[in-house]
Amino acid sequence: MQTKNKTTNTKKIKINIAKSSGFCFGVRRAINTCLQLSSSKKSICVLGDIVHNNFVVEKLAKKGIKKIAKIYKTQNSVLIISAHGAPKQIFTKARQSGYKIIDATCPKVKDIYRISRRLEKTNKVIIIGDKNHEEVKGIAGQLRKKPITIESDHNLPINKLKRIKKAAVVTQSTQTMYNINRIMTRLKKIIPSAKLYSTVCRTTLIKQAEIRTLPKKNNLILIVGSATSANTRRLYEISRSINKKTYWIENSKSIKTNWFKNIKCVGIMAGASTPDEIVASIVTRLKQLSSSNPA
Ligand code: SF4
């Protein structure tokens with residue numbers, strides 16, 4: 001695999017891989033948990049995707065880690081909770097259904113659980129995040145009272161918010177500060193005392209900071225990750241807002257030759273759940289394109 005933060009000089013196209021490209025520690029930890037259990041004689045399952053990357057999910061499936069869509073009665077099976085976490089009810093239901101649980105929830109997501117539970121004692125909890133994302137469902141599922149989830153400043157539930165006197169706002173770990181600040185500005189007009197406890201994780205902050213400079217230094221940007229990856233989507237959105245020649249690809253097969261006409265410098269940033277081997281195959285493909293380009 002190519003060393004990150006190094007420039008590869010192919011014949012005609014320079015390739016710059018972002019320093020923070022690829023796995024975060026929570027994803028690496030969850031995958032290692034699966035790999036360690038894959039040699040077990042027991043049936044090993046994950047509810048949903050262990051991380052949001054199709055290549056990783058398929059690779060683990062080949063090693064016997066099954067993805068299940070719902071919990072069913074079992075005996076002698078192990079259920080791995082994904083890096084995104086899960087609501088308390090899932091843990092209860094899985095235990096009652098006969099699973100032994102191995103919890104691979106990222107410690108940074110568990111920090112959000114702890115912070116939200118503490119804040120709930122004296123506040124209405126508001127989550128800034130994607131309503132249907134497992135992480136957000138997991139945070140909501142730690143609380144005694146249903147929190148309010150807000151995705152953007154366009155969809156504030158004004159009537160519900162008007163009834164709140166004291167609110168504490170936590171965030172999905174992969175949100176952008178741009179989205180958070182826009183929502184907070186509107187929210188404070190409705191609940192002036194609303195207080196933000198930003199729980200965006202450090203990896204996200206580092207990746208998002210780097211993707212604000214990479215598109216300025218390169219003619220074209222490739223953001224690498226599966227369509228289900230929330231952090232990849234945000235990297236794409238930030239990059240695209242700076243450099244229109246930004247493409248979100250799952251792997252080297254998604255690359256289109258006609259993107260690279262007159263392109264001298266390509267920046268690559270992989271999402272937090274994208275393995276290095278996918279980036280390596282993209283670099284190989286770019287080198288092939290570069291050497292076959294007659295221009
Ligand atoms: S993006 Fe952050 S919170 Fe999510 S798994 Fe990675 S380190 Fe953990």
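1. In which sense do strands E11 and E13 pair, and over how many bridges? They run parallel, with 5 bridges between E11 and E13 (residues 265–270). One of the pairs to look up is Leu222, whose bridge partner in E13 is Ile268. Keep in mind as you click around that this is a predicted model.

2. E11 also pairs with strand E12 (residues 246–249), again in the parallel sense, over 4 bridges. Here Val224 has Ile249 of E12 as its bridge partner. Helix H9 (residues 230–242) joins the picture too: E11, H9 and E12 form a β-α-β unit, and it is right-handed.

3. Now for the surroundings of E11 (residues 220–224): 5 of its 5 residues are buried, so the strand is largely enclosed by the rest of the structure. Leu220, Leu222 and Val224 point one way, Ile221 and Ile223 point the other way, and all are buried.

4. Helix H2 (residues 54–62) is worth a look as well. Its buried residues are Val56, Val57 and Leu60. These cover an arc of only 100° around the axis, which means that they sit on the same side of H2. As a reminder, an α-helix has 3.6 residues a turn, so residues three or four places apart point the same way.

5. Flip H2 over and the other side has Glu58, Ala61 and Lys62, which are exposed. Back on the buried side, the cover over those residues includes helix H1 (25–37) and strand E4 (65–68).

6. One last backbone detail: Gly64 follows H2, and its phi is positive, near 95°.

How values were computed
Residues are numbered from 1 along each chain as its sequence is written. This is a predicted model: local features need pLDDT of at least 70, side-chain atom pairs count only at pLDDT 80 or more; totals for chains, interfaces and linings use all residues. A residue is buried if 20 or more other C-beta atoms lie within 10 Å of its own, exposed if 12 or fewer, and partly exposed in between; C-beta atoms are placed from the backbone. Helices (H or I, at least four residues) and strands (E, at least two) are DSSP runs, numbered from the N terminus. Two strands pair if DSSP finds at least two bridges between them. A crossover is right-handed if, with the strands pointing away from the viewer, the path from the first strand over the helix to the second runs clockwise. The arc is that of the directions from the helix axis to the C-beta atoms. Two residues are in contact if their C-beta atoms, placed from the backbone, lie within 7 Å.
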